[in-house]
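Colleague: I should like to learn how the local features of a model are read. Could we proceed feature by feature, with the general idea before the case?

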Amino acid sequence: MKIQVTKQAAAKFRSGYPLIQEEDIRNVPQNFPEDWVEFTDGSGQFIAHGYLAKQNKGIGWLLSWEEKITAAFFEELFQEAKAVRQAYELDEQTSAYRLFNGEGDGIGGLTIDRYNEYAVFSWYNETIYTHRELIVNSFKKVFGEIVGAYEKIRFQAKGFSESQFIYGKEADEPLLIIENGVTYATYLNEGLMTGIFLDQKEVRNELINGYACGKSMLNMFSYTGAFSVAAAMGGASETTSVDLAKRSFSKTTEQFEVNQLPTAQQKIVVMDVFEYFKYAKRKELTYECIVLDPPSFARNKKKVFTVAKNYGELIEQSVDILSDKGSIIASTNAANISLERFRKMVELALKEKNVSYKIEKIYQLPADFKVNPHFPEGSYLKVLFLKIEK
């Protein structure tokens, strides 16, 4: 099937931009084809091969500006992805990392993560999922060392399990992986999450290397407590992990236990983060380092949180319970907010609190989360290490 794009879109796509928006197409089909599509300009000249799909952002992806999309095409992309991750494959201190990062490696709508000798495929729309057999078989030819695989369905569709085993040998539960020499318990077939966000490996490494050494650390939106474990391994005097999910208590406890860390200095609190700020202020609790890594969107009975509207509030509330000359690690994975905009939001909040500050370090995605240079929006992670003087 051939689909014509607008003049503006043709120029954008020829430069290598991969995401298709509805306004890029001259006549958007009522039903998206399951098969690959050839995109052309207004005069019928070929631009690229790709596909259309219902998804969270845009309506499809361009994949190939030259050859047709075949098994050989996918095998070549997987070979390239493997080659640029040789450093991770050879690193005996890290056994979990991203093998294939969507449009950064050439296939928008698909990511693949490695956990020891296992792979986890994440499919972000139904169209790419219809080509699952072709893609998985191509993957097997390149990554023969992978002994088993799972998949996550990250699109809305009836009749799909959000997580399932797909081939080979099944993994242990928990599956103990290592990252920068620290052990983490992961579960490859327990819903959409595995127990760790692999894109934060460099931030955790800063904590392992002593960023919070001798300090009390508060980990907000703690999930399974990975930042807390990293800080404790790096010599933090104590950690407090706060998350609303009830499972966070047992999951975080497990992360400390698999590293043989004594739990006496580690507090785990199941509470709404926004309420905890009030509680800590009321109890006159202070912390020398606070980690803020909220979801892009969250809702409780009283409040709707979005990074764009509310992140500054998190910074202001953190300053209220931060020790003098304390640190804030401010993080967001909101793809719709640039690093520059995020920095301005944080700085504005700090000015509101009338404190002096210094940005010590800035982190974005690690190298295994490869970003397409023509698609800067793919670089979604922004992390600021801030030193605050009251």
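Modeller: Let us begin with a single residue: Tyr88 is placed in helix 3 (residues 86-90). Helices (H or I, at least four residues) and strands (E, at least two) are DSSP runs, numbered from the N terminus. This is a predicted model, in which local features need pLDDT of at least 70 and side-chain atom pairs count only at pLDDT 80 or more, while totals for chains, interfaces and linings use all residues. Residues are numbered from 1 along each chain as its sequence is written, and side-chain values use heavy atoms, with hydrogens and water left out.

Colleague: Is Tyr88 buried or exposed?

Modeller: Buried means under 20% relative accessible area, exposed over 50%, and partly exposed in between (1.4 Å probe, protein chains only). Tyr88 has a relative accessible area of 15% and is therefore buried.

Colleague: Which residues does Tyr88 touch?

Modeller: Contact means heavy atoms within 4.5 Å. Not counting residues up to four places away in sequence, Tyr88 touches Thr94, Tyr97, Lys201, Pro366, Ala367 and Asp368. Ala367 is 279 residues from Tyr88 along the chain, yet their C-alpha atoms are separated by 9.5 Å.

Colleague: How should aromatic pairs be read?

Modeller: A pair of aromatic rings is described by the distance of the centres and the angle of the planes. Rings of Phe, Tyr and Trp (its six-membered ring) pair if their centres lie within 6.5 Å; planes under 30 degrees apart count as stacked, over 60 as edge-to-face and the rest as tilted. The structure holds 25 aromatic pairs. One of them is Phe78 with Phe143, an edge-to-face pair with 6.4 Å centre to centre and 75 degrees between the planes. This pair links distant parts of the chain, 65 residues apart: Phe78 belongs to helix 2 (residues 71-83), and Phe143 to the loop between helix 5 (132-142) and strand 9 (148-153). Phe78 and Phe143 are both buried.

Colleague: Why is the pair of Tyr211 and Phe385 edge-to-face?

Modeller: The planes of Tyr211 and Phe385 stand at 90 degrees, with the ring centres 4.9 Å apart, so the pair is edge-to-face. Because Tyr211 lies in the loop between helix 6 (201-208) and strand 13 (216-220) and Phe385 in strand 21 (residues 382-389), the pair ties together parts that are 174 residues apart in sequence. Tyr211 and Phe385 are both buried.

Colleague: Which residues form one aromatic cluster?

Modeller: The cluster consists of Phe78, Phe100, Phe121, Trp123, Tyr129, Phe139, Phe143, Phe155 and Phe160.

Colleague: Where does a charged end sit over a ring?

Modeller: A charge sits over a ring if NZ of Lys or CZ of Arg is within 6 Å of the ring centre and within 35 degrees of the ring normal. The charged end of Arg204 sits over the ring of Tyr184, 5.7 Å from its centre. Over the ring of Tyr187 sits the charged end of Lys251, 3.7 Å from the centre.

Colleague: At what angle do helix 6 and helix 7 pack?

Modeller: Axes are lines fitted to C-alpha atoms, for helices over the stretch in contact, and angles run from 0 to 180 degrees between N-to-C directions. Helix 6 and helix 7 pack at about 30 degrees, with their axes 7 Å apart. That makes helix 6 roughly parallel to helix 7; angles under 35 degrees count as roughly parallel, over 145 as roughly antiparallel, 65 to 115 as roughly perpendicular and the rest as oblique. Val203, Arg204, Leu207 and Ile208 in helix 6 meet Ala226, Phe227, Ala230, Ala231 and Met233 in helix 7. Helix 7 (residues 226-233) is mostly covered, with seven of its eight residues buried. Just after helix 7, Gly235 takes a positive phi of about 95 degrees.

Colleague: What of unusual backbone geometry?

Modeller: Most residues other than glycine have a negative phi, and most peptide bonds are trans. A cis peptide bond joins Glu173 and Pro174, with omega about 0 degrees. Pro174 is in the loop between strand 10 (163-168) and strand 11 (175-179). Asn180 has a positive phi, near 50 degrees, and lies in the loop between strand 11 and strand 12 (182-186). Its relative accessibility of 24% makes Asn180 partly exposed. For Asn354, phi is also positive, near 55 degrees. Asn354 counts as exposed, at 70% relative accessibility.
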